[in-house]
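Here are a few short exercises to work through with the model open beside you. Try each task before you read its solution.

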Amino acid sequence: MAFPDRIERTVEIAHPPGKVWAALTTAEGLGAWFGNEAAIDLRPGGSAWMRWVEEGYTAQMRVERVEEPVVFAFTWHIFGLPEDDPRRTYVEFTLEPAGAGTRLTVTESGFAQLPDDAYRKAYDGNTDGWAKELGELAAYLDAA
Amino acid sequence: MPPEAEAVAGQVFTALADPTRRAILAALAVGGPATATDLAGRLPITRQAIAKHLALLAGAGLVTAEPGERRRVRYRLRSAPMQVAQQFLAALARDWDSPLGALTGHLDRTAREPPTTELHQTRGHHD
């Protein structure tokens, strides 16, 4: 068994890279096939979001690479982890012309990372956390 | 990822494979640190069985023993190994096949429906 850090898929799409690019990088496109609504500030460092109405979930993204019409990449929070978990995965779409269509590859990497302190905590028997936080709150209230 | 992380995750999944241990970990997550006696009062499991499972969980580093009131040992959930296990679940829970299928379907549909501006132009031409 090995922990996967990276997921990769390649699909052949019967539409030219320009069309695929628009579907990947516009609010209209992302809100049609990926989420139910979306917004995007299409520049490296720009923010973007997609909302899934039924699930009541909104994904916040940070645009990382914009090289029209070849590479589009963003980072986002890992779905299912607590909101305050700092881990983010990197998602990169690469578009290659393939005949009249496009060969689209998506890679998502960073699943095997750990928050800076989690690795240490997992091994050294450190038992900080809520007990300590609550102790600090009690001390703070006592002092007030 | 270092092999130790897999060992940590393996212990989490082994612990979670047993319904009694799942119940104990869930009780500690919900209610905070507790003694074996506390847990026996809350769960339909004997105190002896709980103590046996707690010892196993402590050995795996999933709970930690600490002094409680009246010289009883209290057990606290350690979240760090769970966070290590989460990264494995995150990769397995990620689904790209459905969105990519939806992307292809979206492009097929939009290709069949010309943009409205083109429709207006066509209509204008015929008028």
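**Exercise 1.** In this predicted model, find out how many residues lie between β2(A) and β3(A) in their hairpin, and which turn residue has a positive phi.

*Solution.* Start with the strands: β2 covers residues 37–40 of chain A, and β3 covers residues 47–52. Six residues sit between them in the hairpin. Now check the turn's backbone: A:Gly45 has a positive phi of about 90°.

Next, look at the pairing. The two strands run antiparallel and are joined over four bridges. Pick A:Ala38 on β2(A) and look across: its bridge partner in β3(A) is A:Met50.

**Exercise 2.** Sort the residues of β2(A) into a covered and an uncovered face.

*Solution.* Go along the strand and note which way each residue points. A:Ala38 and A:Ile40 belong to the covered face, while A:Glu37 and A:Ala39 make up the uncovered one. So A:Ala38, the residue bridged to A:Met50, is on the covered side.

**Exercise 3.** Work out which element of chain B gives the most to the side that touches chain A.

*Solution.* First count both sides: chain B puts in 30 residues and chain A 32 residues. On the chain B side, the elements giving two or more residues are α1 (3–16), α5 (79–93) and α6 (97–112). Of the elements, α5(B) gives the most, with 12 residues. Sorted by class, this side of chain B has 18 nonpolar, seven polar and five charged residues.

**Exercise 4.** Write down the order of helices and strands in chain B.

*Solution.* Chain B has seven helices and three strands. Reading along the sequence gives α-α-β-α-α-β-β-α-α-α.

Technical notes: Residues are numbered from 1 along each chain as its sequence is written. Chains are lettered from A and ligands numbered from 1 in the order in which they are written. This is a predicted model: local features need pLDDT of at least 70, side-chain atom pairs count only at pLDDT 80 or more; totals for chains, interfaces and linings use all residues. A residue is buried if 20 or more other C-beta atoms lie within 10 Å of its own, exposed if 12 or fewer, and partly exposed in between; C-beta atoms are placed from the backbone. Two strands pair if DSSP finds at least two bridges between them. Two residues are in contact if their C-beta atoms, placed from the backbone, lie within 7 Å. Ala, Val, Leu, Ile, Met, Phe, Trp, Tyr, Cys and Pro count as nonpolar, Asp, Glu, Lys and Arg as charged, and the others, Gly among them, as polar.
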